[in-house]
Amino acid sequence: MRVTRPLNAAILAVAVTVVAACSTSTGDRSGETSSGASGAVSGTVVVYAAASLQATFERLAAEFRDRNPAAEVKFSFGGSSGLLTQLAQGAPADVFASADTPTMDRARSQGVVRSSDPFATNVLTIATAPGNPKGITSLTDLTRPGTSVVVCAAPVPCGAATVKVTTAADVRLKPVSEEDSVSGVLAKVRHGQADAGLVYRTDVRGARGAVGSVDFPQADGAVNVYPIAPVTAARNARGASAFIDFVRGPQGRAALADAGFGAP
């Protein structure tokens, strides 16, 4: 009995220690797995974004995928109002980024999004053919005979901004074409189908010398604020949140600034 009791006690102590160790080890692995899963982003993130964001967002998408190898980002770029129409009709998307606040306000009122955050600003400039052969120096010059001008249609954010700046300058344009996106305006000027067009400063910078640029003072009175939001019916809510955080984070801000966007 004197030998058996200590031996049983020792066996019991060892058993308790082993069980405790196994329990602790399992808990640690579970915690690591849970933590990793909670931070993981996977699947496809569908982003509807204003045409003026295309180059910057495509760059950011590549960086986002580097950080999230299991994720894929797909885009639909176009005029903000047209994108909103598609979303309101049920087009599947996870993120919506518009080129102005009024469009996002309409998205909220239609239930497409519940809330949004500003992430960038932009202003208009006059895009001209390289070398500015028409000698354009102001908005007024766009009304001269023989000068063909193209602008965004009024429902599009760049069109609304055009109306605002021309009204402030008391200038009445007679455009040869009204496009449904700012990229359409830029393309007309780049391909020689118009002498000039009103686009965002970021578009001219992104054109890398393919067009000239003439700034004008009235543009500062029509600053467009860009908001971004998760779509209410998002299929990849986690991916949407992660992409939005990335756009509004340090890397996103740096890429936007590099493209010529202002801070909100």
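Reader: How many bridges join β4 to strand β10, and do the two run parallel or antiparallel?

Author: As a general idea, the strands of a sheet pair through backbone hydrogen bonds, and the pairing may be parallel or antiparallel. In this model, which is predicted, β4 and β10 (residues 224-230) run antiparallel and are joined by five bridges. To find one of these places in the structure, begin at D117, whose bridge partner in β10 is I228.

Reader: In what order do the strands of that open sheet lie, and which are its edge strands?

Author: The order is β2-β1-β3-β10-β4, which makes an open sheet of five strands with mixed pairing. Its edge strands are β2 (71-78) and β4 (117-122), each of which pairs on one side only. From one strand to the next, the twist averages 20 degrees.

Reader: Across which strands does helix α8 lie?

Author: Helix α8, made of residues 237-248, lies across β1 (43-50), β2, β3 (95-97), β4 and β10, and its direction is at about 150 degrees to that of β10.

Reader: What is the order of the strands in the open sheet that contains β7 and β9?

Author: That open sheet also has five strands and mixed pairing, and its order reads β7-β6-β8-β5-β9. β7 and β9 (212-214) are at the edges and have a single partner strand each, so one side of each is left without a neighbour in the sheet. The twist here averages 35 degrees from one strand to the next. For a parallel pair, look at β6 and β7, which are joined by three bridges; within this region, V151 stands opposite E178 of β7.

Reader: Which strands do α5 and α6 touch when they pack on this sheet?

Author: Helix α5 touches β5, β6 and β8 (196-200), with a direction that makes about 95 degrees with that of β5. Helix α6 touches β5, β6, β7 and β8, and its direction makes about 145 degrees with that of β8.

Reader: Where are residues with a positive phi found, such as N132 and D170?

Author: The general idea is that most residues other than glycine have a negative phi. N132 is not a glycine, yet its phi is positive, at about 50 degrees, and this residue lies in the loop between β5 (124-128) and β6 (149-152). D170 has a positive phi near 55 degrees, and its place is the loop between α5 (157-168) and β7 (177-179).

Reader: Which residues form the disulfide, and how many does the structure hold?

Author: The structure holds one disulfide, formed by C152 and C158, whose sulfur atoms are 1.8 Å apart. The angle about the S-S bond is -100 degrees, and the link is left-handed.

Reader: What is the volume of the largest pocket, and which residues lie nearest its centre?

Author: The largest pocket has a volume of about 450 Å³. Its lining has 19 residues, and those nearest the centre are A55, T56, T202, G206 and A207. The elements that contribute two or more residues to this lining are α2 (54-67), α6 (182-190), α7 (201-206) and α9 (250-259). By character, the lining residues of the pocket divide into seven nonpolar, six polar and six charged.

Reader: How many cavities of 30 Å³ or more does a search of the whole structure find?

Author: The search finds one, and about 50 Å³ of space lies in the largest cavity. It is lined by 13 residues, of which A51, G79, A99, V156 and V182 are closest to its centre. The lining of this cavity divides into eight nonpolar residues, five polar and no charged.

Terms used:
Residues are numbered from 1 along each chain as its sequence is written. This is a predicted model: local features need pLDDT of at least 70, side-chain atom pairs count only at pLDDT 80 or more; totals for chains, interfaces and linings use all residues. Side-chain values use heavy atoms; hydrogens and water are left out. Two strands pair if DSSP finds at least two bridges between them. Helices (H or I, at least four residues) and strands (E, at least two) are DSSP runs, numbered from the N terminus. Axes are lines fitted to C-alpha atoms, for helices over the stretch in contact, and angles run from 0 to 180 degrees between N-to-C directions. Contact means heavy atoms within 4.5 Å. On a 1 Å grid over the protein atoms alone, a cavity is a set of points where a 1.4 Å probe fits but cannot get out, and a pocket is an open set with protein on both sides within 12 Å along at least five of seven lines; lining residues have an atom within 4 Å of a point. Grid points are joined across faces, edges and corners, and a volume is the space filled by probe spheres set on the points. Ala, Val, Leu, Ile, Met, Phe, Trp, Tyr, Cys and Pro count as nonpolar, Asp, Glu, Lys and Arg as charged, and the others, Gly among them, as polar. A disulfide is a pair of cysteine sulfur atoms within 2.5 Å.
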